[in-house]
Amino acid sequence: MSNRIKILDPITANQIAAGEVVERPASVIKELVENSIDARASKIEIEVGESVLSYLRVFDNGMGISKEDLPLAFQRHATSKITSINDLNQLLTLGFRGEALPSIASVSELEISSRTADSINGWKFRFSGGHLVAEEAVGMPVGTDIIVRNLFFNTPARKKHVKSESTELGHIKDILLRFALAYPEIAFKFTAASSRQWQTDGKGDYFYPLVLNFGEEIASKMLEVKGESADASIKIHGFLAPPAFSRTTRLQQIIFVNRRLVRSRLISSIVEKTLNTLLAINRYPIFCLFIEIKPEIIDVNVHPTKMEIRFSEEDLITKVIESAVKEQFFPQQSAKTIINSM
Ligand code: ADP
Ligand code: MG
């Protein structure tokens with residue numbers, strides 16, 4: 001009974017990591033689009049095939065990956081974004097864990113084509129269940145094109161948990177709409193089962209992304225809020241629907257911290273408490289809030305999906321949000337108005 005403990009081979013380790021990172025088809029889309037954004041793409045196209053498990057594609061005009069780096073990008077804990085844990089204190093990218101590509105490749109048939117600006121051609125690598133099966137030179141514009149086929153073909157337990165086509169497509173739509181809102185300067189184009197869903201023009205306007213997320217009526221009535229702390233370490237900007245449009249759930253509360261979509265009970269409850277007197281009981285306000293905060297004040301390394309976040313200066317954040325919301329919704333009580341009228 002000696003030697004019972006063995007180090008897992010890299011593919012098995014990646015499949016286990018995939019259990020956390022690749023919860024469902026929408027997680028694949030999220031991770032790939034995050035990579036395109038980190039690669040400074042100005043145009044990102046997302047395609048879903050006849051079924052969400054059979055075909056997902058994300059195609060960008062970002063900086064691309066060199067032939068030498070391509071195999072590395074598919075090794076776990078390989079990243080171009082950080083080199084030490086301290087880099088998380090200045091993190092400006094969405095990725096940093098170096099887990100998404102190897103995880104996705106280990107549970108699908110993945111084809112990546114990528115070209116950098118200093119190369120006259122691109123390279124296409126094909127993986128099946130994490131194994132590299134082919135590589136060839138290809139003609140293509142600068143950027144990266146990733147196609148994920150047969151997701152979870154080799155992890156039947158995970159495949160069983162995939163919900164109906166419309167539910168999974170719904171998750172993909174939601175996540176893409178949030179990206180369109182957080183990055184109005186990027187032109188997104190989304191097609192599903194060969195019909196165009198929507199596209200944004202990438203000119204930086206918020207209105208159309210707000211319409212896509214909240215519908216035309218609410219978007220056209222939303223009020224803008226803005227504020228920052230005295231030391232400029234926290235800046236907020238957002239759009240709130242008038243309380244008459246409240247909901248019974250928090251599903252229409254969209255929060256970005258340094259342009260990362262997060263879930264935050266803290267932020268939701270600050271907005272809710274500030275608007276409390278305007279809201280009917282058990283109703284939640286509809287809003288989107290962009291929080292820009294010095295990276296050292298937050299911890300994004302809480303969970304592999306990077307959706308949870310910890311703040312170290314909760315009081316300051318509370319004050320900034322509260323006063324920005326009050327200024328718009330309770331102008332007579334807001335500190336600024338009092339000062340201005342003296
Ligand atoms: P992470 O994003 O955490 O670094 P990933 O596994 O998602 O880890 O990606 C690994 C690496 O592959 C990235 O650090 C980046 O250098 C490269 N990469 C992935 N996607 C793209 C892309 N669309 N364009 C350019 N480089 C990319
Ligand atoms: Mg990534």
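In helix α10 of this predicted model, the residues I317, V320, I321, A324, V325 and K326 are buried. These buried residues have several packing partners, namely β9 (223–228), β10 (234–240), α9 and β15 (310–311). The helix itself runs over residues 314–329, and its length can be checked with simple arithmetic. At 1.5 Å a residue, its 16 residues should span 22 Å, and the end C-alpha atoms are indeed 22 Å apart, so expectation and model agree.

The same kind of check can be made on helix α6, which covers residues 165–182. Its 18 residues should span 26 Å at 1.5 Å a residue, and because the end C-alpha atoms lie 26 Å apart, the model agrees with the expected value. The buried residues of α6 are I172, L176, L177, R178, F179, A180 and L181.

From these two helices, the view can be widened to the whole protein chain. The protein chain holds eleven helices and 15 strands. Its radius of gyration is 22 Å, close to the 20 Å that the globule rule gives for 342 residues, so the chain is as compact as a globular protein of that length. Along its principal axes, the C-alpha trace spans about 75 × 50 × 45 Å. Of the 342 residues in the protein chain, 35% are buried. Contacts also link distant parts of the sequence: among those between residues at least 6 apart in sequence, 66% join residues at least 24 apart.

The domain assignment divides the protein chain into domain 1 (10–199) and domain 2 (215–341). Their C-alpha centres are 30 Å apart. Where the two domains meet, 13 residues of domain 1 are in contact with twelve residues of domain 2. On the domain 1 side, α1 (10–21) and α6 are the elements that give two or more residues. Helix α6 makes the greatest contribution to that side, with three residues. Sorted by class, the side of domain 1 that touches domain 2 has seven nonpolar, two polar and four charged residues.

Attention now turns to the ligand. The shell around ligand 1 is made of 21 residues, and those that come nearest are N35, A39, T79, G95 and A100. Two helices, α2 (25–38) and α4 (100–106), each supply at least two residues of this shell. The most generous of the contributors is α2, which gives three residues. The classes are mixed here, with seven nonpolar, nine polar and five charged residues in the shell around ligand 1.

The loops offer some details of their own. L151 sits in the loop between β6 and α5. Is L151 buried or exposed? With 27 other C-beta atoms within 10 Å, L151 is buried, because 20 or more are enough for that label. Leaving aside residues up to four places away in sequence, L151 touches P25, V28, L53, V107 and S108. L151 and L110 are 41 residues apart in sequence, yet their C-alpha atoms are 8.8 Å apart in space.

F152 lies in the loop between β6 (143–149) and α5 (156–160). F152 counts as partly exposed because it has 19 C-beta neighbours inside 10 Å, a count that falls between the cut-offs of 12 or fewer for exposed and 20 or more for buried. The backbone of F152 also deserves a look, since most residues other than glycine have a negative phi. In F152, which is not a glycine, phi is positive, near 65°.

A positive phi appears again at N282, about 60°, and this residue is not a glycine either. N282 is placed in the loop between α9 (265–275) and β13 (287–293). What is the surrounding of N282 like, buried or exposed? N282 is exposed, because 7 other C-beta atoms lie within 10 Å.

One more loop residue completes the picture. D205 belongs to the loop between β8 (195–199) and α7 (207–214). D205 has 12 other C-beta atoms within 10 Å and is therefore exposed. In sequence, D205 and E185 are 20 residues apart, while in space they are 7.6 Å apart, C-alpha to C-alpha.

Definitions and conventions:
Residues numbered from 1 in each chain as written. Chains lettered and ligands numbered in written order. Predicted model: local features only at pLDDT ≥ 70, side-chain atom pairs only at ≥ 80, totals over all residues. Near = placed C-beta within 6 Å. Helix = DSSP H or I, 4+ residues; strand = E, 2+ residues; numbered from the N terminus. Nonpolar A, V, L, I, M, F, W, Y, C, P; charged D, E, K, R; others polar. Expected span 1.5 Å × (residues − 1). Domains from an automatic or database assignment. Contact = placed C-beta atoms within 7 Å. Rg over C-alpha atoms; globule rule 2.2 N^0.38 Å.
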